[in-house]
Amino acid sequence: HNHCGRLCQLASCAQLAARGDCSNPACRQSLQALISHNRTLGTAEQLSGSKDLQMDRPLQKPQASNFEIELEQEPRRSANRASACVLASLSIPQSVEHNASLAGSLKAGGAAPSDLYSCESQVTTQSSAKSRQTMIFSTAAEEEMAAEPETMRFLESHAGIFWQGLLIFVYMHFDAGLPLLQDCYKKFYGGDEKKLLFTKQTLLITQNFCEIICLFLVTKFLRGSIRDCINPKKSFQFAPAGACFGIQAVFGFLAMGELTADCYAMYSQTSIIVLTLAWTIFFRTRLSGTCWIGVFVIAIGMVGFTMSDSESTKLGLFYIGLKIVCQSFACIYAEMFIKSDPEVLYIQMCWMKPVELLTTVVMMFVIPKKPGEDTALEAIIQKGFYHDWNWLVVAIMVFNMGDTFMTATIAKKFDSVVKGVAGVADIIYPTQVFAQLIEPPVYTKLKVISGATVVCGALNFVLAKGDMRRSKDREAELADLKEQLEQASAGHSATLAISHDRKRHVEEPA
């Protein structure tokens with residue numbers, strides 16, 4: 001079963017589907033087409049040895065065989081069970097379709113998600129012309145959930161629409177909430193200078209350690225052993241990506257310490273420019289003119305925003321620039337090497353997280369100290385590992401872990417355009433709304449116009465890139481249909497040729 005992940009031989013595949021053991025519609029559709037094609041070819045083979053052709057009687061035209069699988073009717077379930085099935089379908093998957101799950105599991109920074117850049121086609125067994133059944137989920141996720149009819153009926157209902165809106169609402173807060181929480185710490189616990197007093201590396205080290213424990217527990221629960229989590233060879237292969245994720249996390253926290261939440265969200269959109277240029281160079285992809293217009297508009301807006309921003313320090317801009325570069329490299333490396341690995345996502349994260357943890361520890365010795373301040377290592381030695389921690393620091397760490405978990409498990413099933421639009425929208429809400437409540441920023445006219453320009457450019461890029469992907473998927477689907485039509489025509493021609501030869505053989509005198 002290429003669609004649901006079952007591992008079985010072709011001979012038993014028909015039996016499984018006929019009994020209803022596999023309820024995935026993609027498997028049933030592929031199986032029905034395969035068996036119908038084999039039946040047609042089998043009819044042609046039977047014609048070559050049929051006794052009817054050896055007798056003086058007219059040739060009978062072969063009739064196309066129709067193979068239909070009758071599925072057992074599932075008992076109706078309540079709406080509560082339907083919503084429970086939706087939640088179950090959004091849990092950590094143990095599927096062989098690792099490529100689709102990994103593409104949306106990496107954050108590229110800015111509004112555009114990593115799967116929007118992906119070179120991989122999103123063509124599925126369903127027609128792209130078919131109307132979407134959900135608001136926020138991708139076509140591949142819809143096919144997975146279609147195995148549960150009650151789930152799809154629930155998502156199409158008013159309660160399901162509200163539930164999908166709630167998911168996007170939660171996603172937007174996870175996507176934009178971390179800088180806001182750090183602004184709260186600066187205001188209420190940052191002292192007169194309103195700074196992040198705790199050592200950023202201690203938070204990230206503790207977070208990575210907790211994430212590794214969680215991943216090992218998940219593997220133990222799903223596979224019964226943590227043996228697959230420990231693979232030095234794979235850890236070495238994935239080390240560049242893990243190291244870059246660790247470095248960008250440290251620089252991200254350092255940048256949040258120097259920038260306010262609204263400025264951090266705005267400068268993060270520079271990653272669209274960097275990642276687009278890097279993706280075009282490394283993968284030799286072509287972008288439409290509309291996409292390049294969006295990139296150009298973002299660049300113009302970013303120049304104006306930087307000129308009007310008198311609060312952000314040069315050190316903060318330097319930190320966020322390094323974060324964007326490292327994050328972009330990690331996304332490109334993951335696209336080139338990690339997606340080709342046959343393992344599932346949470347096992348790959350088990351291989352990468354120790355490298356990320358080690359990189360975070362090394363960063364304590366690499367980052368130079370600011371004038372008048374101690375280095376991270378000196379602050380830990382003098383004040384303790386968890387100095388200046390409080391409940392809000394713990395909340396920041398848990399929130400960051402929740403963001404990672406949601407991105408890797410639930411948000412990866414979202415449509416890439418929906419995630420991109422949500423990423424643009426969270427610049428306004430919740431970032432700008434909560435920034436006014438925490439510490440109202442002062443905006444000049446140039447800053448407002450430049451910020452609006454960046455938002456419009458990012459939205460234009462996301463929509464244009466989504467349209468490009470849909471066009472590419474339609475072209476791939478048409479090419480696939482054309483190939484199937486050519487194969488069917490070739491089979492029909494072979495059948496007619498065999499029939500003509502046999503008829504001529506019968507008409508010849510003995």
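Here are a few short exercises on this predicted model, each with a worked solution.

Residues are numbered from 1 along each chain as its sequence is written. Local features need pLDDT of at least 70 and side-chain atom pairs pLDDT 80 or more, while totals for chains, interfaces and linings use all residues, and side-chain values use heavy atoms, leaving out hydrogens and water.

**Exercise 1.** Work out how H12 and H13 are oriented to each other.

Solution. Start with the helices (DSSP runs of H or I, at least four residues, numbered from the N terminus). H12 covers residues 270–283 and H13 residues 289–308; they pack at about 140°, with axes 9 Å apart. Those axes are lines fitted to C-alpha atoms over the stretch in contact, and the angle, on a scale from 0 to 180 degrees, is taken between N-to-C directions. Now the cut-offs: under 35 degrees is roughly parallel, over 145 roughly antiparallel, 65 to 115 roughly perpendicular, and the rest oblique. So H12 and H13 come out as oblique. As for handedness, H12 passes H13 in a left-handed crossing (the near helix is turned anticlockwise from the far one by less than a right angle).

**Exercise 2.** Take the salt bridge between Lys-186 and Asp-183 and say how far apart the partners are along helix H7, and whether each is buried or exposed.

Solution. First the contact: the N to O distance is 3.6 Å, which fits the salt-bridge rule (a Lys or Arg side-chain nitrogen within 4 Å of an Asp or Glu carboxyl oxygen). Next the spacing: Lys-186 and Asp-183 are 3 residues apart in H7, so about one helical turn separates them. Last, the cover: buried means under 20% relative accessible area, exposed over 50%, partly exposed in between (1.4 Å probe, protein chains only). Lys-186 has 8%, so that side of the pair is buried; Asp-183, at 13%, is buried too.

**Exercise 3.** Find out how exposed Arg-470 and Asp-467 are.

Solution. Begin with their salt bridge, 3.9 Å from N to O. Both sit in helix H19 (residues 445–507), 3 residues apart, so they are about one helical turn from each other. Arg-470 has 40% relative accessibility and therefore counts as partly exposed. Asp-467 is also at 40%, so partly exposed as well. Elsewhere, salt bridges with shared partners link Glu-193, Lys-195 and Glu-373 into one network.

**Exercise 4.** Describe the salt bridge of Glu-356.

Solution. The partner is Lys-353, with the closest N and O atoms 3.2 Å apart. Both lie in helix H15 (residues 345–366), 3 residues or about one turn apart. Glu-356 and Lys-353 are both buried.

Conventions:
Helices (H or I, at least four residues) and strands (E, at least two) are DSSP runs, numbered from the N terminus.
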